[in-house]
Amino acid sequence: MVFDKNQTEFTDDKQKRIWVMGKNIVPLDISLKDIEDVDEREMFRQMHDFTIEFLSDMYENPLSYSQDVFDAPEAFICVMSDLARGELDGNDLILPFDKINYSGGRFDRIIDVKPYLERFGVFITVDDNEIKVVSKTYPKLLTAYTIMRKSADRFKVGSISYINVCDFRILDKKFAHSFEDYARVISDQDRIIMEDFHNYALSLKIKPIKCIYFQRIFYKYRGKRILDIDFVNKDTDPKPFMVVRWFWQGSITWEENKKLLTMLEEKIDQLENSEKYRKYFTKYIKYCSICHTELGTCREGEFIEIWGRKRFLCRAGMFYTKKIDEEAIEFFKLILKLRTEVIDKELEK
């Protein structure tokens, strides 16, 4: 089936999660563009076709899957990537127990998904020492997964995502996502908005930089990271997400960065509609929400005075929005332009 990126209605959230995975799969004319070898192209085509067939069956026949599988479809697609840590024996795959990643119930997932993979010609045998995998319908499938697994391991974040969307371009070590990759998976309506914003950034001489994070675009201006474009709720209900940074990353102190924020305030005050933009300024700046991380609670924000009122700001130093509408675009274009002017002024000292 074809997963339409403009689809808006779903029977439930689980069906939508499968749709998100399906629409993100990179078309073969893009993913195989730089692969010339006929055998390699066929091998990766089999992996692409397998993934589409598996997701399509889950989407169209949800009642034929157990609740455990259907509750987390993305986790079970990842089973193939987990298995790919094994060693090839011809076209088959052998995964010793000592190479299995047991975290997060991954071994249980392999067992749970086993009967469903058989529908697509993938057979898993478990004995006392190892797991053996045989692919009959797609004989080159396991070789493709093994190659992709090794290539994806170089990415710090989201390595499995590149495998799940069949992005065979990662075989080229110089590959990095571009804005076009980001825009390809969003709705036509969102694409028009985001392309306009992207082109506006380029007009200010803000340039995209190589980013190893899946479906994220970073931009710099005169060597300073100034803009990020990403998704919020990436796996379940992806929406465009923008960040403009007022904070200079690195060892610069809060006191030094306060000056940058003050310079932005002064520029807002000089505008004709300054009262409106003051409201936008305080609405879109990121406040400290006491982050909870694996390392514990993060309370590294700082009280900073903005137009006479102290506010507890996030240490990341940014304006951000999860809702891309006319108001947000208007303000973010403005703050992006003002931010470049502040950088110009600071670098010319």
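User: Hi! In helix 3, how far apart in helical turns are Glu42 and Arg45?
Analyst: Good place to start, keeping in mind that this is a predicted model. Glu42 and Arg45 both sit in helix 3, three residues from one another. That spacing means they are separated by about one helical turn.

User: What is the distance between the closest N and O atoms of Glu42 and Arg45?
Analyst: Side chains of opposite charge can pair when their charged atoms come close. Glu42 is partly exposed at 31% relative accessibility, and Arg45 is partly exposed with a relative accessible area of 31%. The two form a salt bridge, and their closest N and O atoms are apart by 2.6 Å.

User: Which residue does Asp196 pair with in a salt bridge?
Analyst: Asp196 is in helix 10 (residues 188-203) and is partly exposed, at 40% relative accessible area. Its partner belongs to helix 13 (residues 326-347), 137 residues away, so the pair links distant parts of the chain. The closest N and O atoms are 2.6 Å apart, and the partner is Lys333.

User: And how many residues apart are Glu341 and Lys267?
Analyst: Their side chains meet in a salt bridge of 3.1 Å, N to O. Glu341 is partly exposed at 27%, and Lys267 is partly exposed at 21%. Glu341 lies in helix 13 and Lys267 in helix 11 (residues 254-269), so this pair too links distant parts of the chain. Their separation in sequence is 74 residues.

User: How many salt bridges does the structure hold?
Analyst: The pairs above are among them, and some salt bridges share partners: Asp167, Arg169, Asp181 and Arg184 are joined into one network that way. For the structure, the count of salt bridges is 22.

User: Which side chain of opposite charge is nearest to Arg311?
Analyst: Arg311, in strand 12 (residues 309-313), is buried and has no salt bridge. Since a salt bridge needs the nitrogen within 4 Å of a carboxyl oxygen, a side chain 8.3 Å away falls outside that limit. The nearest oppositely charged side chain, at that distance, is Glu265.

User: Then which side chain makes a polar contact of 3.3 Å with that of Arg311?
Analyst: Beyond its neighbours within four places in sequence, Arg311 is in contact with residues including Thr282, Phe303, Ile304 and Ile306. The polar contact of 3.3 Å joins the side chain of Arg311 to that of Tyr287.

User: Which helix gives the largest share of the largest nonpolar core?
Analyst: In soluble globular proteins, nonpolar side chains tend to be buried together. Here the largest nonpolar core has 57 residues, and Met47, Phe50, Phe54 and Leu83 have the most contacts inside it. Another core, of 47 residues, lies apart from it, with Ile186 and Leu334 among its members. The largest share of the 57-residue core is nine residues, and they come from helix 3.

User: Which tyrosines does Phe50 touch, not counting residues up to four places away in sequence?
Analyst: Phe50 is one of the residues with the most contacts inside the largest core. Its partners include Met80, Leu117, Phe120, Val122 and Leu141. The tyrosines it touches are Tyr138 and Tyr145.

User: Last one: how far is the sulfur of Cys78 from the nearest cysteine sulfur?
Analyst: Cys78 is buried at 17% relative accessible area, and Cys166 is buried at 0%. A disulfide needs sulfurs within 2.5 Å, and the count of disulfides comes to zero. Cys78 is in no disulfide, and the sulfur of Cys166, the nearest one, is at a distance of 12 Å.

Terms used:
Residues numbered from 1 in each chain as written. Predicted model: local features only at pLDDT ≥ 70, side-chain atom pairs only at ≥ 80, totals over all residues. Heavy atoms only, no water. Core = buried A, V, L, I, M, F, W, Y, C linked by side-chain atoms within 4.5 Å. Buried < 20%, exposed > 50% of the residue type's maximum accessible area, 1.4 Å probe, protein only. Helix = DSSP H or I, 4+ residues; strand = E, 2+ residues; numbered from the N terminus. Contact = heavy atoms within 4.5 Å. Lys, Arg positive; Asp, Glu negative; His and termini not counted. Polar contact = N/O pair within 3.5 Å; in protein donor to acceptor, adjacent residues only side chain to side chain.
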